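Grab a coffee and work through a few short exercises on the model below. Each one has a task, followed by a solution in steps.

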Amino acid sequence: MSDKIKPTEGIMCFEMNQIGVIRTPYTENAPYQPVEEDEGDFRIVIEPQYTDGLYKLDSFRYIYVIYYIHHVKKEQSMTVSPPWADGVKVGVFASRSPVRPNHIGISIVRIKSIINNEILTSGLDAFDGTPVLDIKPYIKDLDVKSDANYGWIEEMEGQEHLLLHIKSIPHDY
Ligand SMILES: C[S@@+](CC[C@H](N)C(=O)[O-])C[C@H]1O[C@@H](n2cnc3c(N)ncnc32)[C@H](O)[C@@H]1O
């Protein structure tokens, strides 16, 4: 390790409780990111002891779903090449790859309705049975950055076409 790279002291190890489970039609293949118009049954089932935590969540239109990407089979690496990136390698933290040190996934979805302990949502990009770690409201202005960019994707050829792949938007070219 180079002298300039300093390790942090006292790395902590955490235990987390699953608060619910994601239900989707996907068992082996899922979109790379949530597709809002995706058809099918998408829901988050919350464990009974956390149900009171859903109070007033239905006043929001969108939520962040934070989950544990539990069926990762690929070996961990600090660089990844997203499937749509034509071999371009980037650091795992500059990517949305599911193969990352803590296997944490985050998806923004629309709330369709909340019935008892179930949140019915627009399309999710997680496999059926994915454990949920947290839910947070997506809040206007707080969570929208009008000057956000596409990062290293802007350096790639055919950016518009790539974005269709990234957003899992069907296209025939
Ligand atoms: C590119 S990741 C993006 C996840 C999340 N939207 C994010 O940005 O953190 C989505 C992919 O993860 C994979 N995936 C989804 N749920 C998974 C699970 N429970 N275990 C392993 N892989 C999963 C699927 O291949 C899906 O296409």
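**Exercise 1: the two faces of a strand**

Task: along strand β3 (residues 62-68), which side chains point to one face and are buried, and which point to the other and are not?

Solution. Start with the ground rules. This is a predicted model, where local features need pLDDT of at least 70 and side-chain atom pairs count only at pLDDT 80 or more, while totals for chains, interfaces and linings use all residues. Residues are numbered from 1 along each chain as its sequence is written.

Next, the terms. Strands are DSSP runs of E with at least two residues, numbered from the N terminus. A residue is buried if 20 or more other C-beta atoms (placed from the backbone) lie within 10 Å of its own, exposed if 12 or fewer, and partly exposed in between.

Now sort the side chains of β3: Ile63, Val65 and Tyr67 point to one face and are buried. Tyr62, Tyr64, Ile66 and Tyr68 point to the other face and are not buried. Why the alternation? In a regular strand, side chains alternate between the two faces of the sheet.

**Exercise 2: the neighbours of β3**

Task: how many bridges join β3 to β6, and over how many does β3 pair with β8?

Solution. Two strands pair if DSSP finds at least two bridges between them. Take β6 (residues 104-115): seven bridges join it to β3, and the two run antiparallel. Within that pairing, Tyr64 has Ile108 as its bridge partner. Then turn to β8 (residues 130-137), which pairs with β3 over five bridges, again in the antiparallel sense. Here Tyr67 stands opposite Val132.

**Exercise 3: around the ligand**

Task: which strand gives the most to the shell around the ligand?

Solution. A residue counts as near a molecule if its C-beta atom, placed from the backbone, lies within 6 Å of it. There are 18 residues around the ligand, and His71, Arg96, Pro98, Ala126 and Thr130 come nearest. Strand β6 gives the most, with three residues. By class, the shell has nine nonpolar, seven polar and two charged residues. (Nonpolar means Ala, Val, Leu, Ile, Met, Phe, Trp, Tyr, Cys and Pro; charged means Asp, Glu, Lys and Arg; the others, Gly among them, are polar.)

**Exercise 4: a positive phi**

Task: is Asn116 buried or exposed?

Solution. First find Asn116, in the loop between β6 and β7 (118-121). Its phi is near 55°, a positive value in a residue other than glycine. Then count: Asn116 is exposed because 9 other C-beta atoms lie within 10 Å.

Terms used:
Helix = DSSP H or I, 4+ residues; strand = E, 2+ residues; numbered from the N terminus.
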